[in-house]
Structure formats: structure tokens, C-alpha cells
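Me: Could you take a close look at the disulfides here for me? I'd like one connected walk through them, with some of the surroundings as well.

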Amino acid sequence: MKPTTCILACLTALAGLVLASPLGATDRDGPNDCQKLSEDYGDAPECVLAYPSGIIGQFPTCTSTCGNGDQEVDGICPPISTPPLHTGWVKHQHLPQLGQPFWLGCYSGAGGALGIDTESDGDVNIPPAGTSACNSTVPSDCVATAFGLSWSQDECLGDGSDAGLAGAVVLQTCRWTTLKYSVANCGPQRQVFLNILIDFNADGDWNDNFLCPVDSCTYEWVVKNASVILAPGCNSLESPLFKLGPFAGPSWMRLEIAANPVPDDFPWNGSAGVPPNQILQGGETEDYPTEIATAPVGVGPDERRGAFLGLRSENPVRSGEARIAFRLEKAEPATVEMFDVAGHLVRTLERRTFAGGVDHVLVWDGTDDRGQRASRGVYFYRVRTPSFAGQKKLVLLLP
């Protein structure tokens, strides 16, 4: 569909815009791309084999459905998506009233190939089928191969299309990470929304959450409605920081960007519940088979040499005041924040440059950023720097 080579300038600016360049026939995308109407659906397995274990995918891809996913929830980690019903689909549509189009990936070459696909249904199948299992009128354009299996899809990572990622993604259990990706934007600067889903436990859906050994909640909806600012042209971006779950092995990952945020049923229902016409405004969805590896012991960001993160208070905290201690290996800017178990920011304690090699102690008085008293329960304190990211749990017990 897009027989050109993906170019992704992978730079290191967390959750921010790194590079923007004008679109042009000799640069990134052909000028005709910005004048065409288009539709795009997902291409993760639905109703076909997803994993060597024999699991059939229940990812929201086809406009028809073949069953339900399920929802596994750790006891202290409340879900951030609704319990699944019949699996829906994901549909993006660019219409003139939406302004200039934008899509995942920036590729080089002429021909004016569509930046995003024009298709009437989801696109996935088991080779040698050349059409989608969702709809036999939808052609498949490439074959993705991973963990000993193959799938026909509309775009495949590394096949010469603009699937949005630079190459294979390296993921490790219970480790903080980000994804570098690219977005082409035909129009002026605009705000869009990013969502990333990863099937940690390879059960064929994206509805679950789990607890890592360091007592932090991990959600298969790893990035939820993150705001992204697109400049005109090709944007090289990095996702917000997220943490992987505790399971190693094969996985399916969805990367989605659109002009409107998605509702809480998105992991199992896609855009089927988005009013008024079951579409996402502009943007694109791409799905990738990937592997999650077991992280080596002692080399994760929470255990880096010279870094320390802990409490100087009792835990559970009964006084309503927690003393958070940390030490950095070197002097650098750091952000210290409090989060609830659902991952919502409660309080930003400090954002400045801290000296290296000495202990720093900050006090959380049990209030949020509005000065209101936080309720009793489980919270996480997190320290982030350009070279370090660590978080730990505390339990707040108030009268």
C-alpha cells in the first residue's frame, strides 16, 4: 500500500516534540497525501490465532465480533477500563471538516501514496490468505512474522511502510520505558491524543492490570489519552514514561493517535463507543507483534548504582506526613511526584535540579495539588530524571 521506507529520527525528549520538517515530495510524504480522504482500522488478531499457545485474539479490530475478552485485576490496582462486553472495533476517518490530516509514520518517496489507509474493515489474517479475515474485500499488504507465527496485515513494522516505529521494540518486565514514534502532520500546530495498549499476559485482550514485585500497579493500557502537540510536518516523538507488567513472552501492542480522546471502554471496544458515528477523528491505529523479555536482576532503573529511593517515615504513614528520601548519582533536574494507585497525579512535590551524591528529603503532608486532604489508601512516590526513574509504594492511614 505504501511501498516506501519508513524514516524515524529517534531523539530523546520525553513525551515531547523533537523534530518537525515540512512535508514535500522529496522529503517525507508526498503533497497529494494531504488532500485525500481516508479511513483506517486496526489489524491486531481478532477471531484468528494470536499466540503459539493457541489463544484466539479478541482485540477490537473487525466490525464483526466473535466473542469477549476478560479482565484480570490485581486486588490493590483498580481498573482504568470498563469490564469487557462484545469486542468492538477501531475506526479512524479523515473528513474535510476535520482540517488537514495527520497519521502515524513519516516515510520517504514519491507517488503520493496515502499517509493512512483507505479500507472498509480491519485487516488481519493468517497467511497465505491475501485478504482480511474481517472482510474478504479488504486486501492485506504485508506479512508480519513473530514468535514462530505470521499474520497478513495492512502495514508491518520494517516492511518499508510508515508503521510509525523505527524498528523492533525492546520491552522488559516491570521496567519503566518509553516508545519513540513519528507522526506526519499536514496542517498547522495542533493537539492530538496518544494511546498505547500492550497485552502483558498474552491472553488475547488489553483489559488487565497486574502488580509488579516492587508493589507498583501496571496496566495493559500503558498510555491513556496522553496529550501530544504536533508541529507542521514530520514529528519525531517519545511517549510518556510507562511501566511494563510482570510477564515475559509474546505480546501484541497497539499504537493509536487521534484528534479526540477515547472513552474508558477503548481497550475492548475500540472506537465503537465513540459518539456520534463510531469513529476517531483523523489519526491512525497500528498494531505490532512484539516480545517482552525478563529484565536482568539488579539493572533496572530502580536499582541503578548510586541511586536511592526510600522513606524516612514509618510505612504505613499514620501521622499524615511522609518524608521521602532520595539520592542521585549525579546532579541533574528531577521531578518528585505522588500518584494514586490508578496512576493519577496527586501532588508534585518538587521540580528542580538536585545535587548528586547526597541525600535529599522532601515532605508530603498528605494533601493534593489543590491543598485538599488525600484519602487514606495506597500511593506511590516517584522520582524522575533524564537518567533515572524510580517509584515506591506508601500506605497513608489518616484519622
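**A close look at the disulfides**

Reply: Cys47 has a relative accessibility of 35%, so this residue counts as partly exposed. Happy to go on from there, with one caution: this is a predicted model.

The partner of Cys47 is Cys66, and their disulfide has an S to S distance of 2.2 Å. About the S-S bond the angle is -115°, which makes the link of Cys47 and Cys66 left-handed. Distant parts of the chain are linked here: Cys47 sits in strand β4, Cys66 in the loop between β5 and β6, and 19 residues separate them. Cys66 is also partly exposed, since its relative accessibility is 38%.

The strand that holds Cys47 has a partner of its own. β4 (residues 46–49) runs antiparallel to β5 (residues 56–58), and 2 bridges join them. Leu49 stands opposite Ile56 in β5. The hairpin of β4 and β5 has 6 residues between the strands, and there Gly54 takes a positive phi near 100°.

Back in the loop between β5 and β6, we meet Cys62, which forms a disulfide with Cys134. Their sulfur atoms are 1.9 Å apart. This pair also links distant parts of the chain, with Cys134 in the loop between β9 (124–125) and β10 (142–146), 72 residues from Cys62. The disulfide of Cys62 and Cys134 is left-handed because the torsion about its S-S bond is about -60°. Are its two ends buried or exposed? Cys62 is buried, with a relative accessible area of 2%, and Cys134, at 12% relative accessibility, counts as buried too. The cut-off for buried is under 20% relative accessible area.

Strand β10 brings us to another link, in which Cys142 is joined to Cys156 with 2.1 Å from S to S. Here the torsion about the S-S bond is about 90°, so the disulfide of Cys142 and Cys156 is right-handed. Cys142 lies in strand β10 and Cys156 in the loop between β11 (149–153) and β12 (171–172), 14 residues apart. Both Cys142 and Cys156 are buried.

As for β6, this strand (residues 91–94) pairs with β3 in the antiparallel sense over 4 bridges, and in it Lys91 is the bridge partner of Tyr41. These strands belong to an open sheet of 3 strands, ordered β3-β6-β22, with mixed pairing. Its edge strands are β3 (38–41) and β22 (280–281), each pairing on one side only.

For the wider setting, the structure holds 5 disulfides, among them the links described above. The protein's secondary structure comes to 1 helix and 30 strands, and 55% of its 399 residues count as buried.

Notes:
Residues are numbered from 1 along each chain as its sequence is written. This is a predicted model: local features need pLDDT of at least 70, side-chain atom pairs count only at pLDDT 80 or more; totals for chains, interfaces and linings use all residues. Side-chain values use heavy atoms; hydrogens and water are left out. Two strands pair if DSSP finds at least two bridges between them. Buried means under 20% relative accessible area, exposed over 50%, partly exposed in between (1.4 Å probe, protein chains only). A disulfide is a pair of cysteine sulfur atoms within 2.5 Å.
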